[in-house]
Amino acid sequence: MEGEGIQAQGAELQRAMQVLGARGGAGRTPGDEQRQEMLVGRVRAHAVREAEHWMLDRTRYSDGLGAIYPAMMYYIMALDALGYPEDHPDMVRALREFDDLIVETGDRFYFQPCFSPVWDTAIAMFALGEA
């Protein structure tokens, strides 16, 4: 299980931090800080990969992340920060879904904050529940 890997790395990091903390400033060896930084870097890299997988698993096969502007924009920013090129299929799809929020009809041009059916359905369900 992937979760077990995270727990094992977390336990390894905790043990290393205890050892380094127990030594105090005077008892530290020259490589302690370097080992600590390396271990933290490994745990962080693993956590970022897990977050990336979580995000991708929840955005594929949908109309964007929650089909709402802020989440969709943050998704695009996250892909960019992770180094996805503009021609990567996930980035292309994210940008297309974001652009789909733009509505142009004859003399009107506006940016809707979400796909209307998402909110319209929620409002209708709320109204039915109140009736």
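Let's start at I102, which is partly exposed, with a relative accessible area of 35%. This residue lies in strand β1, which covers residues 102-105. Keep in mind that we are looking at a predicted model.

I102 has company on the outside. Together with Y69, F109 and F111, I102 makes up a nonpolar patch on the surface, and the four add up to about 380 Å² of accessible area. Two other members of that patch can be described in the same way: Y69 is partly exposed at 34% relative accessible area, and F111 is partly exposed at 36%. Why do these count as partly exposed rather than buried or exposed? Because buried means under 20% and exposed means over 50%, with partly exposed in between.

Before following those aromatics inward, here is the overall layout. The protein chain has 5 helices and 2 strands, and reading along the sequence gives the pattern α-α-α-α-β-β-α. Of its 131 residues, 21% count as buried. The accessible surface of the chain comes to about 9500 Å², with carbon and sulfur atoms accounting for 60% of that. As for contacts between residues at least 6 apart in sequence, 47% of them join residues at least 24 apart.

Now back to the rings. The count for the structure is 3 aromatic pairs. One of them joins Y69 and F98: the ring centres are 5.6 Å apart and the planes sit at 40 degrees, so the pair is tilted. Y69 lies in helix α3 (residues 69-81) and F98 in helix α4, so this pair ties together parts of the chain that are 29 residues apart in sequence. Unlike the patch members we just met, F98 counts as buried, at 14% relative accessibility.

F98 also has a second ring partner. With F111 it forms another tilted aromatic pair, 5.4 Å from centre to centre and with 55 degrees between the planes. Here the link runs from helix α4 to strand β2 (residues 108-111), and the two residues are 13 apart in sequence. Put the pairs together and you get a cluster of Y69, F98 and F111. Two of these residues, Y69 and F111, turned up in the surface patch as well, while F98 is the buried one at 14%.

Stay on helix α4 for the charged side chains. How many salt bridges does a search of the whole structure find? The search turns up 1. R93 pairs with E97, and their closest N and O atoms are 3.1 Å apart. Both residues lie in helix α4 (residues 89-99), 4 residues apart, which is about one turn of the helix. On the acidic side of this bridge, E97 is buried, with a relative accessible area of 9%.

For a contrast, look over at helix α2 (residues 32-59), where you'll find E52. E52 is buried too, yet this residue has no salt bridge. The nearest side chain of opposite charge is R49, 7.0 Å away, and that is too far because a salt bridge needs the nitrogen and the carboxyl oxygen within 4 Å of each other. So what does E52 touch, leaving aside its neighbours within four places in sequence? Its contacts there are L82 and Y84.

Methods
Residues are numbered from 1 along each chain as its sequence is written. This is a predicted model: local features need pLDDT of at least 70, side-chain atom pairs count only at pLDDT 80 or more; totals for chains, interfaces and linings use all residues. Side-chain values use heavy atoms; hydrogens and water are left out. Buried means under 20% relative accessible area, exposed over 50%, partly exposed in between (1.4 Å probe, protein chains only). Rings of Phe, Tyr and Trp (its six-membered ring) pair if their centres lie within 6.5 Å; planes under 30 degrees apart count as stacked, over 60 as edge-to-face and the rest as tilted. Lys and Arg count as positive and Asp and Glu as negative; His and the chain ends are not counted. Contact means heavy atoms within 4.5 Å. Accessible areas come from the Shrake-Rupley method with a 1.4 Å probe; for residues, only the protein chains shown count as cover. Patches are made of residues with over 30% relative accessible area and no salt bridge: like charges are joined within 9 Å, nonpolar side chains (Val, Leu, Ile, Met, Phe, Trp, Tyr) within 5 Å.
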